[in-house]
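Me: I'd like a close look at the empty space in this one, especially the largest pocket. Which residues sit closest to its centre, and what lines it?

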Amino acid sequence: MEPRVGPAPDAAPQVRPYHHPAAGWGAAKSVTRVLVEERELVDGPRAIMRMNHENGGFDCPGCAWPDDTKGLRLDICENGIKHVTWEMTRKRVDRAFFAAHSVTELAGWSDYDLENQGRLTEPMAYDPESDHYVPISWKEAFEVVGAALRGLDDPNRASFYTSGRLGNEATFLYQLMARELGTNNLPDCSNMCHEASGRALQAALGTGKGTVDLKDWESADALFILGVNAASNAPRMLTALAEAERRGAQIVHVNPLVEAAATRTIVPHEFLDMALFKSTRTSTLNLQPRIGGDMALLRGMAKAVLEQSASDPKALDATFVERHTAGFEEYRALCAATPWEELERQSGLSRADILRAARVYTEADRSIVSWCLGLTQHEHGVDTVREIVNLLLLRGNIGREGAGPSPVRGHSNVQGNRTCGIDHRPTEAFLDRLADACGIDPPREHGLDTVRTIQAMRDGEVKVFVAMGGNFALAAPDTAATYAALRSCDLTVQVSTKLNRSHVVHGRAALILPCLGRTEKDHQRKGVQRTSVEDSMSMVHLSLGMKRPASPHLLSEPAIVAGMARAALPDSETPWDWYIEDYDRIRDTMAVALDGFEDFNRRVRLPLGFRIKQPARELVFLTPSGRAEFSTAALPDVVPEPGTLALGTMRSHDQWNTTIYSDDDRYRGVKNLRTLVFMNRADMRERGIAAMGAVDITSTAKDGSHRYLKGYTAVPYDIPRGCAAGYMPEMNVLCALGDYSTQSDQPIMKHVKVTIVPAAGG
């Protein structure tokens, strides 16, 4: 069955151009509607005042944008409030619900309807005879997991997935359990989003993270924002963009679609501007490359810098290049040998446009380049991120205030997950420290990432699949293949807060283990516990829930991990119960095991927490040469073949990852419609497709196989010729499991090769 996503529209689809500022009164109206619908007019505003605050507050379970450094009382956004209110709902999914609805029935529900039933309340196990989930005690549930894991003839027949919402303490225990079992099969959502960023930055700078913090954003002269829809994916970035514009910084947005965040904003906590409807520009230049054309744009900007340096030596920071980089002469020769005509063809931009961007760069003393999945979910994602580093190195924009690379991470603790050990390719240094700190002998061979876990489940090589959070069935590529893989498992275990598609697409045996939400109090033997998270700029801080748990039967994520570990490892000397009594004990062990977490418990209690050390920020490059490395990758050919289009998947505004709040996309002017494809008007005319006409979409995989979506609505949009776009997770079905980057192993969801024709019989 194809995935059904989103609420059933209660009115005819509408598409109207959006001309208003981002955020502002539109966001306020949307937030009010959500609070009213969820009946959270008391706790909702309380949560708003407690979210993202250092003293007794909880970290937003949405995006990973850093907390404000200036004591802002309302460091919040529309999507964060939606996310929190969705978690705080009064609706419940209890044993009576599961008794009334079979899994076969639930499989026919839309994904919106599944999640909209409310919070899970107790552990449930799938009963194949009745086709219903039935109650199971925590002790029995842990024994089911333990028996399945103990019964494997090879620990690598289990795989342990992590979404970005898992806190650092649970993350550390989770990877410890997996490695004590004997496997590095630790796939995570990074495998599908920023794997390319980590690999590129590690190769170029010796660190897998960005080097800047929020204070750098506050002092940069130029900001380049590539492949980011900030108003929906990281809405609190709008505050930084508005402040940058007011101080005279240049802001360049690079995206095939000109998104609302790249025009104007009214920041909701700026009350006078709200009252006066006064908006602030959030860009000084918008460039619309073809899908996949960003690398050619960056190479063109670098070529312009080098050409300018022939007559203006100040355009190039020759001293920095000489002292701190390797491979410069080879890169200079590559830029010189790349014709402008080819840069224009591959980028889809004119030479004049590329030079405009280069002029902004050379006239700025300090520049930050920020990017998101628009750059990484491509075959050449690693090369493109390395091209960002190349450009930054030319003018010494590494290791100083207001300058550097700044990837925009998605989910709230996805970066912390990787820092705390969720990595299927761990380094020897990490494993050595873990062994010393925890007294285990961790496996040394690399494990399975997300794509290879799906392949291994499908082929019967992985028998047990455990997911800490997320909605794996919908988040992964090639929906049909992912469904088949999950159903091939002997046991699937989903640790979740709400019902979702991954509970009705399951293994022969299945468990739903409900956990506390970020907003809820975590009571353990030594009192109410705090957990820590790491934002996208390497700040680690504590989070403290404020609400009574949705059910007395919920356990915290660390407690669930410990329960599974005790059952799976009955002879383990790891003090699982002792850790859960007081999370400070987990953090003390993490301080020994993890580089940069020394004195963890004291530093995490400082105002705003602490920043993990970044050697590259101090011009210490942990690369083979001991210097920042220029790369000399060839430009990929990203021009679509005749008759085909490059399609990129994306989120709508009223959506967070796979959670759909409505069928609306306010910032793109869409109402009551998700099964759509945005197209260039000329491409539509060429194919005989009418505005709002029904179309069939066919993708062609690398192996020549095809995947289909029927009866979608074609929406004319300002997007470059040869490009198309539509919503995930519906369009994940078009990305074949084998269509992943050979550089990063990421599914290439931003560059799917498709043909689009009028719907048959339409």
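Reply: Here's a walk through the pocket first, then the enclosed cavities, and then a few other parts of the fold. Keep in mind that this is a predicted model.

The largest pocket holds about 1,100 Å³ of space. Its lining takes in 32 residues, and the closest to the centre are Gln202, Gly208, Lys209, Asp423 and Thr427. Three helices each put at least two residues into that lining: H9 (195-205), H21 (414-419) and H22 (428-438). If you're thinking about the chemistry of the wall, the lining splits into 13 polar, 10 charged and nine nonpolar residues.

Now for the enclosed space. Searching the whole structure turns up nine cavities of 30 Å³ or more. The second largest cavity comes in at about 210 Å³. It's lined by 19 residues, with Gly517, Arg518, Asp522, Thr531 and Glu557 the closest to its centre. Helix H8 (168-181) and helix H27 (557-568) are the elements that give two or more residues to this lining. By class, you get seven charged, seven polar and five nonpolar residues there.

On to the cysteines. The structure has zero disulfides. Take Cys438: the closest cysteine sulfur belongs to Cys420 and lies 12 Å away, which is too far for a bond, given that a disulfide needs the two sulfurs within 2.5 Å. Cys489 isn't in a disulfide either, as its nearest cysteine sulfur, in Cys189, is 19 Å off. Both are tucked away: Cys438 is buried at a relative accessible area of 15%, and Cys489 is buried at 0%.

Burial also marks out a whole helix. H3 covers residues 78-87, and 10 of its 10 residues are buried, so the rest of the structure largely encloses this helix. The buried set isn't just greasy side chains by name; among them are Glu78, Lys82, His83 and Glu87, along with Ile81, Val84 and Trp86.

Last, a small piece of sheet. Three strands form an open sheet in the order E2-E10-E11, with mixed pairing. E2 (22-23) and E11 (280-281) are the edge strands with a single partner each, so one side of each has no neighbour in the sheet. E10 (residues 264-266) runs antiparallel to E11, and two bridges join them. In one of these pairings, Arg264 has Arg281 of E11 as its bridge partner.

Key:
Residues numbered from 1 in each chain as written. Predicted model: local features only at pLDDT ≥ 70, side-chain atom pairs only at ≥ 80, totals over all residues. Heavy atoms only, no water. 1 Å grid on protein atoms, 1.4 Å probe; cavity = no way out; pocket = protein on both sides within 12 Å on 5 of 7 lines; lining within 4 Å. Points joined across faces, edges and corners; volume = space filled by probe spheres on them. Helix = DSSP H or I, 4+ residues; strand = E, 2+ residues; numbered from the N terminus. Nonpolar A, V, L, I, M, F, W, Y, C, P; charged D, E, K, R; others polar. Buried < 20%, exposed > 50% of the residue type's maximum accessible area, 1.4 Å probe, protein only. Pairing = 2+ DSSP bridges.
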